[in-house]
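Work through the exercises below with the sequence and the model side by side. Try each task before reading its solution.

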Amino acid sequence: MQWYINAVFYELYLRAFADSNADGHGDFAGLRQRLDYLEWLGVDCIWLLPIYPSPLRDDGYDIGSFYGIHPDYGFLEDFRMTVDEIHRRGMRIITDLVVNHTSDQHPWFQEARRSKDSPMRDFYVWSDTDDRYADARIIFVDTETSNWTFDPVTSQYYWHRFFSHQPDLNYDNPKVRQAMLDVVRFWLDMGIDGFRVDAVPYLYEREGTSCENLPETHDFLKELRHFVDTHYPGRLLLAEANQWPQELLDYFGAGDEFHMCFHFPVMPRLYMALARQDRSSVVQILDDTPAIPEGCQWAVFLRNHDELTLEMVTPEDRDFMWQTYAADTHYRLNLGIRRRLAPLMDGDRRKIELMNSMLFTLPGAPVLYYGDEIGMGDDVTLPDRNGVRTPLQWIDGPGAGFSTAPALYSPVIGDAVYGYHQVNVQAQQADSTSLLHAVRRMIFARKNLPVLARGSLEWLHDLPLQTLCFWRRSAEGAVLALHNLSDQPLDIPLEPGIVFSDALYPDVGPVSGSVRLEAYGCRWLLPEAG
């Protein structure tokens, strides 16, 4: 059952969602209290950021233990009850699986660093020098100067592709591979519907290579997929691999590796197309995207918990994006931009809806980031990427309805434009003309149009470059998606003799001949049977 093909995913940071016990941190009990909202919104699958015990130096991606729940979030029993409640509402849940590394506080690493003779020593990658694997790039260029860190306890260096407090696991050790399969078994036995698998290109190291996308990595990932398919059929593996489309294709394998992969290169080009009022970058990257195996799907997104990554663009395009969306260098991080969707769009409701419309109509399953459905802002005074991980704004009241605690893990946004007095779920639920209702309308239209999940993509090349217009067609139907990337109204000619209805606003009446798109306007049109 390929439930994920036409699913709408919702990325949820548990710490930021709802606090049930007034300790300033979101938790599973709080999530259970708010599941009615996600059901109303039309979410098919919740994706949880890491929930494991952790020092929280990297919001849980620094895993302190693969078995258990961070005490701020509750207990394993809380997790199990939450999974049951999500399933009772007809939704699914996937969690982050961090396969590449652990925290340096993880018991495995603490034991490994104790002695060169430790039985856990080979769980990690060690060297007497820091000049091995010199062709591997440094990913966090803002904070790290090397992929090696010296450990004074045993006078050797350990390998890490991310922060120095996140040592990489050694996948050349069969005990590591088995340990990760044991972790997978544990959480699937808890009833979850799959994993978003973090940082998958970096599992192996080989001299003379970039230490990314190596054949050995794919061998293990196929082993992981075989394990899941054999013991837990119907569960999902979603890859986080920030790579070019041709390299991403390898992560689907022959339909025997990942079920889904994030299509990172599409995302920045949507922003570029809007800023330049020119569709060319989007058309080119999707034309360069190879066909994927039957039963596989792309995951597409506008924003997430990290910076808006600009790794998969040219240096010239990166400079353009920085100058356009992050002229203040304080907004930049690594090779990206640490801002949410609404501020990137200068709070322009038309642009926010346009971006969402492109997300929902282009190929792939859409992934929403919590709070973007109401146009939440960010707090760039917070360090690193914490500014896009602030509490969800539920109401115009104390703690934004997130928590009654006197001190929160992160301040609630309270500025005059994006603060919780102006931007909150309660107010937008009550207003049928709000952004929240517009996004919800797209979600339900998308779910009722399976052609948008599986259909072919046919560009309308003859239209001006400031439009992004295309057909999606399959045996299940056809949709004509029209987008105006410019700040001026445009008249779009329609195919002669065809009468269209509007998928988003069916009460507007039939359309034929031509249709006017207002500045930054969008329409989803359905050809009526003649």
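## Exercise 1: The surroundings of F258

Task: find which residues F258 touches, not counting residues up to four places away in sequence.

Solution. Contact means heavy atoms within 4.5 Å. With residues up to four places away in sequence not counted, F258 touches V197, V200, L221, R225, L237, L238, A239, Y251, F252 and C296. The model is predicted: local features need pLDDT of at least 70 and side-chain atom pairs count only at pLDDT 80 or more, while totals for chains, interfaces and linings use all residues. Residues are numbered from 1 along each chain as its sequence is written, and side-chain values use heavy atoms, with hydrogens and water left out.

Next, place F258 in the chain: it lies in the loop between α8 (245-249) and β9 (260-262). Helices (H or I, at least four residues) and strands (E, at least two) are DSSP runs, numbered from the N terminus. One residue on the contact list, L237, is 21 residues from F258 along the chain, and their C-alpha atoms are separated by 5.4 Å.

Last, check accessibility. Buried means under 20% relative accessible area, exposed over 50%, and partly exposed in between (1.4 Å probe, protein chains only). F258 has 1% relative accessibility, so it counts as buried.

## Exercise 2: Cysteines

Task: state how many disulfides the structure holds, and explain why C296 has no bond to C261.

Solution. A disulfide is a covalent bond between the sulfur atoms of two cysteines. The test used here is a pair of cysteine sulfur atoms within 2.5 Å. The structure holds zero disulfides.

Take C296, a contact of F258. The closest cysteine sulfur to that of C296 is in C261, and at 7.7 Å it is too far for a bond. C296 is buried, at 9% relative accessible area.

Then take C45. Its closest cysteine sulfur is also in C261, 16 Å away and too far for a bond. C45 is buried as well, at 0% relative accessibility.

## Exercise 3: Aromatic pairs

Task: decide how the rings of Y133 and W159 are arranged, and where the two residues lie in the chain.

Solution. A pair of aromatic rings is described by the distance of the centres and the angle of the planes. Rings of Phe, Tyr and Trp (its six-membered ring) pair if their centres lie within 6.5 Å; planes under 30 degrees apart count as stacked, over 60 as edge-to-face and the rest as tilted. A search of the whole structure finds 39 aromatic pairs. Among them, Y133 and W159 are 5.2 Å apart centre to centre with 80° between the planes, an edge-to-face pair. This pair links distant parts of the chain, 26 residues apart: Y133 is in the loop between β4 (126-127) and β5 (148-151), and W159 is in strand β6 (residues 156-159). Y133 and W159 are both buried.

Compare F402 and Y409: their ring centres are 6.0 Å apart and their planes are at 70°, so this pair is edge-to-face. F402 is buried at 1% relative accessible area, and Y409 is buried at 18%.

## Exercise 4: Salt bridges

Task: find where the partners of the salt bridge between R385 and D58 lie, and which network holds them.

Solution. A salt bridge is a side-chain nitrogen of Lys or Arg within 4 Å of a carboxyl oxygen of Asp or Glu. By this rule there are 36 salt bridges. In the bridge between R385 and D58, the closest N and O atoms are 3.3 Å apart. The partners are 327 residues apart: R385 is in the loop between β14 (365-369) and α14 (425-430), and D58 is in the loop between β2 and α4. R385 and D58 are both buried. The network of salt bridges that holds them links R15, D58, D59, D306, E307, D384, R385 and R389.

A second case is D44 and K447, whose side chains meet in a salt bridge at 3.2 Å, N to O. D44 is in the loop between α3 and β2 (45-48), and K447, 403 residues apart from D44, is in helix α15 (residues 435-447). D44 is buried at 19% relative accessible area, whereas K447 is partly exposed at 26%.
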